[in-house]
Amino acid sequence: MITLYNLKQSRSQRIAWLLEVLNLPYDVKNFERDPVTKQAPKELQDIHPLGKSPLIKDNETVIAESGAIVEYILARYGNGKLHPDVNHADYSAYLQWLHYAEGSAMSAMLTKYITPSEAMKPFYDAQFDLHISYIESSLNGKTWFLGEELSGADIMMSFPLQFALMFVPKGKFPNIERFVAQVESNEYYRKACERVGELELKKLLS
């Protein structure tokens, strides 16, 4: 059985969602952030040297990094679900969104929140605007990132967009708002919240 090491208010929410969509049995071990530093507890370093979440353990194999975890679970247990075939026209877009979520999007969202200096603020604001506009236009006319069907790309993109909505005026990016509302009302996402708790990212800013 897979064990999910879940740090509250973290990217691990989407791994629970993935496991629920696939109807895979899993155990959850929950960890709380330090109330002052917001950091993960040192107990996570006993599981993996980075001490970050999400982490999963599948038998004796421990895997870190959200994208790697999603790929591993889908390759090992997905039975062809939640991703197009490698020869499908959407496969390249699927790969892009799967890796873009952490490789580009989340970096742009984080630097909007954690700007190292006033001198760099215009650059990071411009990067945020570039990426969020790109995502907004990419969702135009689509239910999910690849069209009508949920995929691992949507699961990966959920957290960056939930995070991003804390920094933009309501109504400015209707496609992203619709996407996030759709994620958060998804029946399997709701089941994941029952296991790992609600994602309340504003708690990280308080």
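Trainee: Let's start with one residue: is Gly141 buried or exposed?

Mentor: Start with the scale: buried means under 20% relative accessible area, exposed means over 50%, and partly exposed lies in between (1.4 Å probe, protein chains only). Gly141 has 76% relative accessibility, so it counts as exposed. You'll find Gly141 in the loop between helix H4 (121-138) and H5.

A quick word on the model: it is predicted, so local features need pLDDT of at least 70 and side-chain atom pairs count only at pLDDT 80 or more, while totals for chains, interfaces and linings use all residues. Residues are numbered from 1 along each chain as its sequence is written, and side-chain values use heavy atoms, leaving out hydrogens and water.

Trainee: You said helix H4 and H5. Where do those labels come from?

Mentor: Helices (H or I, at least four residues) and strands (E, at least two) are DSSP runs, numbered from the N terminus.

Trainee: Okay, strands next. In what order do the 4 strands of the open sheet come?

Mentor: The general idea is that strands of a sheet pair through backbone hydrogen bonds, either parallel or antiparallel. Two strands count as paired if DSSP finds at least two bridges between them. Here the order is S2-S1-S3-S4, with mixed pairing. S2 (26-31) and S4 (61-64) stand at the edges with a single partner strand each, so one side of each has no neighbour in the sheet.

Trainee: How many bridges join S1 to S2?

Mentor: There are 6, and S1 (residues 2-7) runs parallel to S2. One pair to look for is Thr3 with its bridge partner Asp27 in S2. S3 and S4, on the other hand, are antiparallel and joined by 4 bridges. Leu55 stands opposite Ala64 in S4.

Trainee: What covers the faces of S1, and are its residues buried or exposed?

Mentor: Ile2, Leu4 and Asn6 on one side are buried, and so are Thr3, Tyr5 and Leu7 on the other; both faces are covered. With 6 of its 6 residues buried, S1 is largely enclosed by the rest of the structure. Part of the packing to look at is H1, which lies across S1, S2 and strand S3 (55-58) at about 150 degrees to S1.

Trainee: How do I read an angle like that? And at what angle do the axes of H1 and H5 cross?

Mentor: Axes are lines fitted to C-alpha atoms, for helices over the stretch in contact, and angles run from 0 to 180 degrees between N-to-C directions. The axes of H1 (residues 13-21) and H5 (residues 152-164) come within 9 Å and cross at roughly 150 degrees. That makes H1 roughly antiparallel to H5, a label for angles over 145 degrees. Contact means heavy atoms within 4.5 Å, and Arg14, Trp17 and Leu18 in H1 meet residues of H5 including Ile155 and Phe159.

Trainee: Last one: which bond here is cis?

Mentor: Most residues other than glycine have a negative phi, and most peptide bonds are trans. In this model the bond from Ser53 to Pro54 is cis, with omega near 15 degrees, and Pro54 lies in the loop between S2 and S3. For phi, look at Glu65: its value is positive, about 80 degrees, although it is not a glycine. Glu65 is exposed, at 52% relative accessible area. Asn79 also has a positive phi, near 50 degrees, and Asn79 is exposed, with a relative accessible area of 75%.

Terms used: Parallel < 35°, antiparallel > 145°, perpendicular 65-115°, else oblique.
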